[in-house]
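Please open the model in your viewer and keep the selection tool at hand. The tour below goes from one selection to the next and says what is found at each stop.

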Amino acid sequence: MKLDPEQESILKGDNGRVMAMAMETVVKYGEAFGAKRLVPIKSAHLAGTFGIGPYRAYIQVLRQIVSEGLRVKVPTTVNPKPGYDLNFINKHIVFTNQQSLEQLLTAIGITPNYSCVCYEKANVPSFGDRLAWAESSAVQFANSVLGARTNRNSILIDVCCAITGFTPEFGYLLDAHRRGQILVKLNINKMDAPALGYVLGRKVVDKVPVIEHYPFTRIELKNMGGSMAASGGVALFHVEGLTPEAPDMKTVFDGPPMETITVTQEDLDALRIRKSEMSGIVIFGCPQMTCEETLAIAERFVNKRVEIPTWFCLAPDELTLFKAHYLYGKTLDAGITISQDCPLAAFSMRLNRKRIITPSGKMLYYLKGVNYGTEDDCLRACGVLQ
Ligand code: F3S
């Protein structure tokens with residue numbers, strides 16, 4: 001890999017031993033993927049916010065960074081907290097490093113947004129910006145909906161990029177890897193965007209799908225992308241005439257697609273909970289909900305009362321907005337619990353083994369004991385819709 005003089009000097013140790021190690025990590029990461037150079041980044045987003053007990057190596061690296069007084073070189077947001085104080089097990093058995101981890105993240109200068117929908121307010125990239133983000137759902141949104149450029153970086157690689165301010169140029173940073181590969185036709189009469197994302201992730205795995213035109217809302221794009229990035233390794237999708245790099249099919253494809261697939265209503269409905277199955281908890285918000293999304297769902301709970309525990313998980317800055325709205329009080333009156341945590345982490349240990357129902361394809365993919373339901377299925381499960 002060809003480095004410029006500034007990068008060479010960091011690698012030689014002119015900015016200290018730990019900075020040199022961070023640079024060496026970034027260079028080796030790039031070499032493994034055939035990158036020819038490092039490029040400066042506009043921002044970073046870190047996924048390592050769960051202070052899990054055995055996460056010792058991560059904590060040690062952060063301590064070394066802090067010990068040399070290093071801070072992130074670019075605006076750097078972070079993923080949600082894991083519900084550390086939700087119950088005894090989370091606090092005393094699972095997330096025992098939570099407080100030290102948060103102190104270390106603060107010490108390296110992160111923006112304490114604690115949200116995976118960082119792209120809504122805390123860290124908003126522009127079209128074409130090069131980033132070093134981790135968190136598959138955020139990466140998916142930045143690439144697909146905003147037209148920024150980031151690979152699906154891992155925990156620690158994200159930190160090394162944030163500290164050095166550079167990322168290797170390969171994969172989704174390059175035009176050649178951002179072109180459409182698989183054409184997706186829809187034979188659907190009732191859109192269920194998270195289910196569509198889940199089905200697509202399973203079908204296309206790590207290719208770039210181009211969905212024929214459908215007027216998805218921004219919220220649908222978020223929830224579809226989150227599911228797709230979990231059930232597959234997809235980091236970029238296009239929607240004909242909607243997302244920025246796909247004004248039309250001719251522009252987004254280089255010649256004919258390598259494959260054409262059709263997703264049907266039956267494919268989507270097959271994910272849904274069966275009528276005979278019972279759920280013990282209803283969870284909305286993975287990826288975390290925005291205020292706008294919460295308001296639309298909260299309307300449906302006005303003057304009603306949930307019959308089983310029901311959670312809304314919002315990004316902290318979106319919760320601040322929601323609290324100022326009259327529907328916030330109505331939501332509490334309906335018996336809903338409001339959280340700013342990542343529900344996937346918060347509910348990973350459930351001693352009562354209650355089954356969850358959620359409209360999140362990401363939770364369905366990662367967590368045991370989860371049923372998928374549309375928004376209406378979830379409302380039926382908590383007893384506010386017949
Ligand atoms: Fe976000 Fe946690 Fe879901 S990070 S996408 S709420 S798994």
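In which sense do strand β6 and strand β7 pair, and over how many bridges? Select residues 182-187 for β6 and residues 209-211 for β7 in this predicted model: the two strands pair in the parallel sense, and three bridges link them. One point to label is V184, whose bridge partner in β7 is I211. If you then follow the chain from β6 to β7, you pass through α8, and this β-α-β crossover is right-handed.

Keep β6 selected and add strand β9, residues 259-264, which runs parallel to β6 and is joined to it by six bridges. Here the residue to label is L186, which stands opposite V263 in β9.

Next, display the largest pocket, which holds about 660 Å³ of space. Its lining counts 32 residues, and the ones closest to the centre of the pocket are D192, P194, P359, T374 and E375. To see where the lining comes from, colour α8 (193-204), α9 (218-231), α11 (265-269), β10, α12 (291-298) and α17 (375-381), each of which supplies at least two residues. Among the elements, β10 gives the most to this lining, with five residues. Coloured by class, the lining of the largest pocket shows 13 nonpolar, nine polar and 10 charged residues.

Now move to the second largest pocket, with a volume of about 500 Å³. This pocket is lined by 30 residues, and F50, N79, E135, L344 and K362 lie nearest its centre. At least two lining residues come from each of α6 (136-144), β10, α15 and α16 (361-366), and the largest share, four residues, is supplied by β10. By class, the lining of the second largest pocket divides into 18 nonpolar, nine polar and three charged residues.

For the last stop, show the ligand: the space that the ligand takes is this second largest pocket. Select N79, P80, C116, E135, S137, C286, P287, C342, P343, L344 and K362, the residues that surround the ligand. The elements that give two or more residues to this shell are β10 (281-289) and α15 (343-346). How many residues of the shell are nonpolar, polar and charged? Colouring the shell by class gives seven nonpolar, two polar and two charged residues.

Conventions
Residues are numbered from 1 along each chain as its sequence is written. This is a predicted model: local features need pLDDT of at least 70, side-chain atom pairs count only at pLDDT 80 or more; totals for chains, interfaces and linings use all residues. Side-chain values use heavy atoms; hydrogens and water are left out. A residue is near a molecule or strand if one of its heavy atoms lies within 4 Å of it. On a 1 Å grid over the protein atoms alone, a cavity is a set of points where a 1.4 Å probe fits but cannot get out, and a pocket is an open set with protein on both sides within 12 Å along at least five of seven lines; lining residues have an atom within 4 Å of a point. A molecule sits in a cavity or pocket if more than half of its atoms lie within 2 Å of its grid points. Ala, Val, Leu, Ile, Met, Phe, Trp, Tyr, Cys and Pro count as nonpolar, Asp, Glu, Lys and Arg as charged, and the others, Gly among them, as polar. Grid points are joined across faces, edges and corners, and a volume is the space filled by probe spheres set on the points. Two strands pair if DSSP finds at least two bridges between them. A crossover is right-handed if, with the strands pointing away from the viewer, the path from the first strand over the helix to the second runs clockwise.
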